[in-house]
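Colleague: I would like a close look at one part of this model. Please take me through the loop that comes before the second helix, and then set it in the whole chain.

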Amino acid sequence: MAEKPSPDPETRARSPREPGPLRPIDEVALRDYLADALPPGESARVEKALRDSAELRARLEDVRRNRADAQLHSLGAIWRRGRLTCPDRQQLGSLLLDVLDPDLTEYVQFHLEVIECAYCRANLADLKAQSEAAGASRSRQHRILQSSRHLLREKNQRAKD
Ligand SMILES: [Zn+2]
C-alpha cells in the first residue's frame with residue numbers, strides 16, 4: 001500500500017490566506033470556537049486546522065488572552081470599578097418599594113435607564129425576583145393562616161369549655 005500524499009502543514013501554515021469557498025478561520029471564528037458557538041462541522045474544521053498549524057494555535061492563544069481581557073468588563077469588574085457611582089443594594093430596594101428619597105430616585109433611575117449600568121440592572125432584577133418570591137410566600141402563609149383559622153377557633157373554643 002502506497003502512502004497517501006498529505007499536504008505539508010508547514011507550507012499550508014505559511015500561505016497567508018487559503019483560497020476556497022470556506023469561511024476563513026479568522027479571529028471571529030476562533031472566538032466562536034472558544035465559545036462553543038460554531039456549528040459542529042465548522043468546529044471540527046477549526047479543530048483540524050488547529051492541529052495542522054502552529055501559527056493558528058498561537059492565534060487561538062491570542063484570542064483566548066483577549067477574551068480574558070474582555071472578561072474585565074464583566075459584571076464583577078463593573079461592580080468593583082463602579083461602586084462609587086452605583087447606588088447600593090439598600091437604595092435599590094427602597095426604589096423598588098417606592099420609599100426612596102425623590103432626589104435619589106431621580107439619580108438612580110438615570111443610572112439604571114440612561115447609563116444602563118449592567119450591574120445595577122442585574123442587582124435590581126435580583127431584588128425584584130427576591131421580593132416577588134417573598135411576596136408569594138407571604139400570601140401562601142396568609143392563605144394557610146386563613147384556612148386554618150377555624151381550626152384555631154375550634155381549639156380555643158374547646159379550651160374554654
Ligand atoms: Zn450601577
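Modeller: Here is the loop, followed by the rest of the chain. This is a predicted model, where local features need pLDDT of at least 70, side-chain atom pairs count only at pLDDT 80 or more, and totals for chains, interfaces and linings use all residues. Residues are numbered from 1 along each chain as its sequence is written.

Start with R23. R23 sits in the loop between α1 and α2 (27–34). Helices here are DSSP runs of H or I with at least four residues, strands are runs of E with at least two, and both are numbered from the N terminus. R23 counts as exposed because it has 12 C-beta neighbours inside 10 Å. The cut-offs are these: buried needs 20 or more other C-beta atoms within 10 Å of the residue's own, exposed means 12 or fewer, and partly exposed lies in between, with C-beta atoms placed from the backbone. R23 and E42 are 19 residues apart in sequence, yet their C-alpha atoms are 9.1 Å apart.

Now I25. I25 also belongs to the loop between α1 and α2. I25 has 19 C-beta neighbours inside 10 Å, so it counts as partly exposed. From C-alpha to C-alpha, I25 and R45 are 9.1 Å apart, with their positions 20 residues apart in sequence. Beyond four places in sequence, I25 is in contact with L30, V46, A49 and L56. Contact means that the two C-beta atoms, placed from the backbone, lie within 7 Å.

Next, the cores. A nonpolar core is a set of buried Ala, Val, Leu, Ile, Met, Phe, Trp, Tyr and Cys residues joined through C-beta atoms within 7 Å. The largest has seven residues: C86, L92, L95, L100, V108, C117 and C120. A second, separate core has five residues, including Y33, V46, A49 and L60. Two of these names, V46 and A49, are among the contacts of I25.

Now the whole chain. The chain has eight helices and zero strands. Of its 161 residues, 9% are buried.

Last, confidence. pLDDT is the predictor's confidence in each residue, from 0 to 100. The chain mean is 77, and 71% of residues reach 70 or more. Among the elements, helix α1 (residues 9–14) has the lowest mean, 47, and helix α6 (residues 89–97) the highest, 92. Over residues 8–20, pLDDT stays under 50. Where pLDDT is low, the predicted coordinates should not be read in detail.
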